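Here are my notes on the model you sent, set out as numbered points. Please read them with the structure open.

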Amino acid sequence: MLMINSLRRQLGELDERSVQQCANLVLTFAPAVVSLFIVNSDGWWVFAALGVLIGILGAFSALFASGLRDYVLSFCFVLHGVILTAAFTGHPWQIDSHMVFFALLAVVATLGSAGALLFAASLIAVHHLSLGLLMPALIFPTGVESDNLGRILFHAGIVLAETAVLLVNIIKRADAVSAIAARQQEADEQRLAAVASEQGAEIQRKNAAQVVLLLQERLSSLDAGQLDCRIEEKLPAEFEPLRQSFNSTVGRLNDIISQVNGVASQMRSRGEEVGNASKALAHRAEAQAATLEETAAAIQELTTAVGEAAIKAGTASKTATTVRQGADETGAVVQGAVNAMTMIERSSAEISKIISVIDGIAFQTNLLALNAGVEAARAGEAGRGFAVVATEVRGLSKRCADAASEIRDLISDSSSHVAEGADLVGKAGPAISRVVTEVAEISTTLESISIGMQDQSSSLNEVNNGMTGLDKVTQQNASVADKLMHDGAQLNTLAIQLSELMSHFDKGNWERQKLIAA
């Protein structure tokens, strides 16, 4: 097995040209050797000369063109076979020597040329037919044409079969060689492409390394706050869009930071203005809340006083009605002078008390009206209607006081003249009529005062409720103003922090470059 493998390796190292030259060398001397040593012919030198001539032609066939060389070698190999067969003339091996033609066809097939193979097969066919028919003794020992025609045809069939097989092999070998050559060419192209790609990749790697270093330097500058970090150097074509994108991004970042700086300055200025305005608003809201609280308390007291005055005015009105009824009864029973005088004295005492009450009510009403006028004056435009009411109340109070004074004078006169009642009974009727009239007026006045007091009390209640709601709203506004002042202070603080953060970036010569470019 080792010997076979070794032989295979040795044969594999031989190429077709070496086999052809070796075959040509062996066949050059083979006819002379056969004629001299096997056949023992005296004409061996003829075979030697012919073999040498044919061998020299075959050796120098390499000088011809590739296509012609194959045909020359084919011709030489066939001639070698013919001379070798002729050298066996008269020997029993002459028939067996024809096998050399089959071997020569195989050698010709190593040329890889289908044309050369067909040419050699044609020469062999012509040789057999011509010599077999014309000079059969040179080929077959018997030399009888009728006996050897079948042999010629049989040999021709074998030659054709071998030629066909070898031709198929040549075609397949040519296809295989073409495929191998194509694959080799493709492999060479791929190898060259790989080398070119590797060289391109190496160049791209170096370019990429340079671009990465440059970008790292510019990004470090950008990280340090230097916005003047444009890439002015020209980069390789594949990295030029990256340079443009980086420069565009830096430009947009610079514009954004400039705008943010401007906005931060405006925020700081507006924050200070908002803070100052909020502080002033908070102070005014606090003062307004305190004033409204005092006003609400005063109106609450006034409402209470007016309510009490309304109650007392109602009581006075009822009392005046009673006095009026008493006066009417006194006028009806004017004939009972003594009893009437007694009742007058009693009524006078009661009227004195009532008048005192009315006088007190008039005084308190006048005082409340004065206080209401003062509060209405302090309330300004909103208290104008309330001032009118206070004026009317004060007028009613004055009229009530005047009426009470007149009643007091009448009662004083009546009391001083009680002793003279009997004499003045005749005159009592008119006086009582006047008293009834005045009492009726007082009753009407007191009723009007009572109604006005009730209406004023209801109005004051409504005003009190409105002032209470206004006080709540004012307190809420004060709270909102305080919160707004606090938010303004925070906004100002944030604006300062934003300005400090933006001061980290240094625009450098960017603005000057933009002006130059413009």
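1. I start with residues 44-64, where the end C-alpha atoms lie 31 Å apart. This span is 76% helix and 0% strand. Bear in mind throughout that the model is predicted.

2. Residues 44-64 appear among the stretches that UniProt, in an unreviewed entry, lists under "transmembrane region". The other stretches in that record are 21-38, 71-93, 99-118, 123-140 and 152-171. Such annotations may be inferred rather than shown by experiment.

3. Residues 99-118, also listed in the UniProt record, can be described in the same terms. Here the chain is 80% helix and 0% strand, and the end C-alpha atoms are 18 Å apart.

4. As for the overall make-up, the protein chain has 12 helices and zero strands. Of its 518 residues, 32% count as buried. The chain exposes about 31000 Å², with carbon and sulfur atoms supplying 62% of that area.

5. How do the contacts spread along the sequence? Taking contacts in the protein chain between residues at least 6 apart in sequence, 77% join residues at least 24 apart.

6. The largest nonpolar core holds 32 residues. The members that touch the most other members are Phe77, Leu84, Leu105, Val108, Leu117, Ile124 and Val159. Two or more residues of this core come from each of α2 (16-38), α3 (44-59), α4 (66-87), α5 (99-109), α6 (114-134) and α7 (145-223).

7. Ile124 is a useful residue to display when inspecting that core. With neighbours within four places in sequence left aside, Ile124 is in contact with Val78, Phe101, Leu105 and Val159. Leu105 and Val159 are themselves among the core members that touch the most others.

8. A second core, separate from the largest one, has 12 residues. Its members include Ala362, Cys400, Ile407 and Ile449.

9. Ser397 deserves a separate look. This residue lies in helix α10, which covers residues 384-416. Is Ser397 buried or exposed? Ser397 counts as buried because its relative accessible area is 3%, and the cut-off for buried is under 20%.

10. Which residues surround Ser397, beyond its neighbours within four places in sequence? Ser397 is in contact with Ala362, Phe363, Thr365 and Asn366. Of these contacts, Ala362 is also a member of the second core. Gln364 is 33 residues from Ser397 in sequence, with the two C-alpha atoms 8.6 Å apart in space.

Technical notes. Residues are numbered from 1 along each chain as its sequence is written. This is a predicted model: local features need pLDDT of at least 70, side-chain atom pairs count only at pLDDT 80 or more; totals for chains, interfaces and linings use all residues. Side-chain values use heavy atoms; hydrogens and water are left out. A nonpolar core is a set of buried Ala, Val, Leu, Ile, Met, Phe, Trp, Tyr and Cys residues joined through side-chain atoms within 4.5 Å. Buried means under 20% relative accessible area, exposed over 50%, partly exposed in between (1.4 Å probe, protein chains only). Helices (H or I, at least four residues) and strands (E, at least two) are DSSP runs, numbered from the N terminus. Contact means heavy atoms within 4.5 Å. Accessible areas come from the Shrake-Rupley method with a 1.4 Å probe; for residues, only the protein chains shown count as cover.
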